[in-house]
Amino acid sequence: MRAPVLLLLTGAALLAPTSRSPAPTPLDAFWALITGDSLHVVAAEQLILDGWEDAHASILVELVRYAPSDDHRRLMFSILERGTGQRLGSVGGRGTGRQLESILERWWEWIWRTDPGMHPEYATFKAELYVTIDPSFEEYFDDSPAATIRLDEIRWGGVGRDGIPPLDLPEMIPAAEADYLEDDNVIFGIALDGDVRPYPKRILAWHEMFKDSIAGEHYTGVYCTLCGSMILYRSAFAGVHHELGTSGFLYRSNKLMYDHATMSLWSTLTGEPAVGPLVGQEIELEPRFVVTTTWGEWRRRHPGTLVLSLDTGHERDYGEGAAYRDYFATDRLMFGVPKLDPRLRNKDEVLALRFPEAPGEQLAIWVVFLSMNRVYHDALGGREFVVLTDRSGASRVYESGGRRFARWDTVDTAWDEGGGRWTVGEDALVGPGGERLERLPAHRAFWFGWYAQNPGTRLVRG
């Protein structure tokens, strides 16, 4: 962080009669609220209020978390209230962490709802603030980067860059050696060109990302614990490999990745750069199919499967449900989002679909509905598909090409309405004459996380 230029906060110019200045309040005034002596704090308070714009609110709300005392926080909340005319609460004499977080969430909701704009130096402020936590964070926000998302919706997740360490080419072992897994343990199953391997949720919840070679090609699997989504991407686009990592930041409670080459921030849900030098270059990583199922069901289908070893090189409690136990146990969010949709509970799971050829359309299907409708037909962006859901609740999506399927045995055979018998595989449905209907990418997600990024999504819930 640069040292506040406190000279800006003193002198006759500051003490002149108040008037709305055409120039934005300098960042030094905000920094002085937590670094200056009492004289400079008073001067900074006056300067901020004299030139008040509602765009100042984002800086104050983000800064108040790092104030050195409750007295500093009360002053900053007071400035917010006087500037905006809103009364959203302040910390009491013995303000608790939970009380502070609740008040901050109310202020963020007001900012997102009213969209007051951002201070022209907001990116600089963000770089200066977070460089004090992790020096590498400055690279995300320095020099006013191009962005497709609001910078004031980017929240720090509480860890440094790669503080949640990705698994890089993790060790795989045969199924027979995986005695740590029980049949009901949740896994994310991948089968590409004969390379079959599941990644147990109990391990990925501690790492949130793996970078692996599957069927001779490099892939990045990203698991956002907070939004409940596991997505597999080809790591290369147009012949360029993108080495990704965990940024330490979130957007609408969804994990943001970063790439090692340019330090751009990437969206987990779209595989696109969202902040930084790569924005606008029409890069979009290709998603591949992955299925959420149980170890017992996966092993029954794929007895020769490999699976992650517990020897990850990290010391963690990899017991089933050990990671994020409290978070998964309730419907409460850890980080607020601009808007919730009450048609489902926040953490109800949906099968989420979006196809690159129809980026403006999204679909969410409640998994409870799918468990009661094991053969389900729909279309997205003009592309017709069928969802087949097995006894474990795992759903696989295939293009249907205009065909209608009447039933399936939830194991490996489906029948179309004409009585044709189709083999259900991980990569395709294969018809009686060798016809193929290819598997399509889809993944599970918590309803709130999917809706927060796709408020125009269509929802199927019965």
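So, the second largest cavity: its lining residues split into 5 nonpolar, 3 polar and 1 charged. Before I go on, this is a predicted model, so everything here is computed from that. The space in this second largest cavity comes to about 50 Å³. Who lines it? Val-290, Val-291, Thr-292, Leu-351, Ala-394, Ser-395, Ala-442, His-443 and Arg-444. In terms of elements, strand S16, residues 291-294, and strand S28, residues 443-446, are the ones that put two or more residues into that lining.

Okay, how many cavities of 30 Å³ or more turn up across the whole structure? The search finds 2. The largest has a volume of about 120 Å³. There are 14 residues around the largest cavity, and the ones closest to its centre are Ile-231, Pro-287, Pro-441, Ala-442 and His-443. You'll recognise a couple of those names: Ala-442 and His-443 line the second largest cavity, and they are also among the residues closest to the centre of the largest one.

Which elements give two or more residues to the lining of the largest cavity? Those are strand S8 at 229-234, strand S15 at 287-288 and strand S18 at 349-353. S8 is the top contributor there, with 4 residues. Class by class, you get 11 nonpolar, 1 polar and 2 charged residues in that lining.

Right, from cavities to pockets. The largest pocket is about 800 Å³ in volume. It has 30 lining residues, and nearest the centre you'll find Glu-101, Glu-105, Leu-333, Met-334 and Phe-335. The class split in this pocket lining is 14 nonpolar, 4 polar and 12 charged. Helix H4 (56-64), H6, S1 and helix H11 (325-329) each bring at least two residues to the pocket lining. Which of the elements gives the most? That's H6, with 8 residues.

Keep H6 in mind, since we meet that helix again in the packing. The largest nonpolar core has 54 residues, and the members touching the most other members are Leu-33, Phe-77 and Ile-154. Helix H6, residues 97-114, is the biggest contributor to this core, also with 8 residues. As background, nonpolar side chains in soluble globular proteins tend to be buried together.

Let's zoom in on Leu-33. Leaving out residues up to four places away in sequence, Leu-33 touches Val-41, Ala-44, Glu-45, Ile-48, Leu-60, His-72, Leu-75, Met-76 and Ile-79. Separate from the largest core there's another one, with 33 residues, including Ala-191, Val-196, Met-230 and Leu-308.

Last stop is Asp-162. Where is Asp-162 found? In the loop between strand S1 (154-156) and strand S2 (167-168). And is it buried, exposed or partly exposed? Asp-162 counts as partly exposed, because its relative accessibility is 25% and that class sits between under 20% for buried and over 50% for exposed.

As for neighbours, setting aside residues up to four places away in sequence, Asp-162 touches Gly-245, Thr-246, Tyr-258 and His-260. Take Tyr-258: along the sequence Asp-162 and Tyr-258 are 96 residues apart, yet C-alpha to C-alpha they are 9.6 Å apart in space. With Thr-246 there's a polar pairing to look at, where a polar atom of the Asp-162 side chain lies 2.8 Å from the backbone nitrogen of Thr-246.

That's my tour, over to you.

Note on methods. Residues numbered from 1 in each chain as written. Predicted model: local features only at pLDDT ≥ 70, side-chain atom pairs only at ≥ 80, totals over all residues. Heavy atoms only, no water. Core = buried A, V, L, I, M, F, W, Y, C linked by side-chain atoms within 4.5 Å. Buried < 20%, exposed > 50% of the residue type's maximum accessible area, 1.4 Å probe, protein only. Contact = heavy atoms within 4.5 Å. 1 Å grid on protein atoms, 1.4 Å probe; cavity = no way out; pocket = protein on both sides within 12 Å on 5 of 7 lines; lining within 4 Å. Points joined across faces, edges and corners; volume = space filled by probe spheres on them. Nonpolar A, V, L, I, M, F, W, Y, C, P; charged D, E, K, R; others polar. Polar contact = N/O pair within 3.5 Å; in protein donor to acceptor, adjacent residues only side chain to side chain.
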